[in-house]
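Good morning, and thank you for making time on the agenda. I would like to walk you through one structure, beginning with the whole chain and then turning to its parts.

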Amino acid sequence: MTDAHTTPHIAEQAGTLLLGGDLRVHRLGFGAMRIVGEGVWGPPRDRDEALAVLRRTVELGIDFIDTADSYGPQISEQLIKEALYPYPEGLVIGTKAGFARTGPAQWHKLGRPEYLKQQVELSLLNLGVERIDLMQLHRIDPEVPLADQLGALVELRREGKIRHIGLSEVSVDELSAARAIAPIASVQNRYAPSFRQSEDVLEQCEKDGIAFLPWAPVDRGEMAAPTSPLASIAAEHGISPVQLALAWLLHRSPVMLPIPGTSRVAHLEENTAAAAVRLSEDEVERIGRFLS
């Protein structure tokens with residue numbers, strides 16, 4: 001198994017995709033939700049470790065970081081700026097807006113245009129950029145017309161404050177409705193080897209060349225345990241079940257861009273080493289059948 005300690009820029013071995021048709025990124029990113037406090041609220045328990053994780057991310061060759069205004073709230077974006085600004089050439093940062101936070105583990109959909117515009121302005125400030133590479137609607141607010149929600153982002157894109165627009169947790173029909181309003185560069189739905197309810201959305205993204213960002217790509221509780229259903233296959237490769245799960249995702253589709261998150265450098269290095277794992281078509285199919 002290739003070691004992230006001794007292989008510079010190991011994330012490059014995951015291959016690349018074009019995000020929005022013009023941003024080439026490696027297909028293994030980093031999700032920055034876990035670098036904040038418990039319940040995705042407040043500062044991290046270990047600030048120095050959180051900053052070290054972000055800096056190590058770039059050293060490993062990861063050039064796509066996913067965050068959101070609601071992580072902290074705002075703290076994740078601020079930590080990214082503190083750790084990495086001025087940003088290295090080629091680093092793409094995607095963020096999200098559409099959730100109001102009222103406390104730890106409390107999330108409320110809020111898609112009013114004025115709110116979304118406010119949050120984009122805050123993200124620009126917190127990240128220290130003039131334009132956000134990828135601004136994702138964190139959730140569709142059922143109380144607000146979709147055209148109004150996306151319309152706010154389209155307006156900001158015209159102003160040069162957003163480069164690309166993405167969606168999170170949508171169905172095929174919602175994706176189709178959104179694409180009638182604005183070009184969509186990415187979809188971020190929950191997806192993992194053992195959680196594939198968005199299979200139809202992934203297939204639609206693959207058909208249309210839309211990046212698919214699976215959040216929670218690894219269930220560390222089930223997948224990392226000694227009794228993990230992936231343990232025997234992982235042992236054949238001399239890797240962990242977590243690494244096998246990420247490798248399976250990378251092999252599953254060319255538009256897949258997993259964004260595993262962690263607050264520890266050791267876990268980051270373990271996750272990123274999955275970029276070097278090679279599976280046969282038979283193994284990919286075998287794992288898919290085994291976990292279906």
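**The chain as a whole**

The chain exposes about 12300 Å², and carbon and sulfur atoms supply 48% of that area. Please keep in mind throughout that this is a predicted model.

In terms of secondary structure, the chain has 11 helices and 11 strands. Its radius of gyration is 18 Å, close to the 19 Å that the globule rule gives for 292 residues, so the chain is as compact as a globular protein of that length. Along the principal axes, the C-alpha atoms fill a box of roughly 55 × 40 × 35 Å. Of the 292 residues, 56% are buried. As for contacts with a separation of 6 or more, 73% of them come from residues 24 or more positions apart.

**The sheet**

Let me now turn to the sheet. Seven strands form an open sheet, with parallel pairing, in the order 3-4-5-8-9-10-11. Its edge strands are strand 3, residues 30-31, and strand 11, residues 211-212, each of which pairs on one side only. As a general reminder, strands of a sheet pair through backbone hydrogen bonds, either parallel or antiparallel.

I will follow part of that order, starting at strand 4, which covers residues 64-66. Strand 4 pairs with strand 5 in the parallel sense, over three bridges. Within this pairing, Asp66 has Gly94 of strand 5 as its bridge partner. What do strand 4, helix 2 and strand 5 make together? They make a right-handed β-α-β unit, in which helix 2 spans residues 75-84.

Strand 5 also pairs with strand 8, residues 132-137, again in the parallel sense and over four bridges. Here Gly94 stands opposite Leu134 of strand 8. Gly94 therefore appears in both pairings of strand 5 that I have described: as the bridge partner of Asp66, and opposite Leu134.Moving on, strand 8 and strand 9 pair in the parallel sense over five bridges. In this pairing, Ile132 stands opposite Ile162 of strand 9. Strand 8, helix 4 and strand 9 make a right-handed β-α-β unit. Strand 9, residues 162-168, runs parallel to strand 10, residues 186-188, and three bridges join them. Gly166 stands opposite Ser186 of strand 10.

**Burial of strands 5 and 8**

Two of these strands deserve a further word on burial. How many of the six residues of strand 5 are buried? Six of the six, across residues 92-97, so strand 5 is largely enclosed by the rest of the structure. Both of its faces are covered: Val92, Gly94 and Lys96 are buried on one side, and Ile93, Thr95 and Ala97 are buried on the other. For strand 8, six of the six residues are buried, so this strand too is largely enclosed by the rest of the structure.

**Salt bridges**

I come finally to the charged side chains. A search of the whole structure finds 12 salt bridges, and I shall present three of them.

The first to show is between Arg56 and Glu269, whose closest N and O atoms are 2.8 Å apart. This pair links distant parts of the chain, with Arg56 in helix 1, residues 47-59, and Glu269 in helix 10, residues 265-272, 213 residues apart. Are these two residues buried or exposed? Both Arg56 and Glu269 are buried. They also belong to a network of salt bridges that links Arg56, Glu59 and Glu269.

Next, Lys117 forms a salt bridge with Glu155, and the closest N and O atoms are 2.9 Å apart. This pair also links distant parts of the chain: Lys117 lies in helix 3, residues 113-127, and Glu155 in helix 4, residues 146-158, 38 residues apart. Lys117 has a relative accessible area of 27%, so it counts as partly exposed. Glu155, with a relative accessible area of 33%, is partly exposed as well.

The remaining example is the salt bridge between Lys161 and Glu159, with the closest N and O atoms 3.6 Å apart. Lys161 is partly exposed, at a relative accessible area of 23%, and Glu159 is partly exposed, at 43% relative accessibility.

That concludes my presentation, and I thank you for your attention.

Terms used. Residues numbered from 1 in each chain as written. Predicted model: local features only at pLDDT ≥ 70, side-chain atom pairs only at ≥ 80, totals over all residues. Heavy atoms only, no water. Buried < 20%, exposed > 50% of the residue type's maximum accessible area, 1.4 Å probe, protein only. Helix = DSSP H or I, 4+ residues; strand = E, 2+ residues; numbered from the N terminus. Pairing = 2+ DSSP bridges. Right-handed = clockwise from strand over helix to strand, strands pointing away. Rg over C-alpha atoms; globule rule 2.2 N^0.38 Å. Contact = heavy atoms within 4.5 Å. Areas by Shrake-Rupley, 256 points an atom, 1.4 Å probe, with all protein chains shown as cover. Salt bridge = Lys/Arg side-chain N within 4 Å of Asp/Glu carboxyl O.
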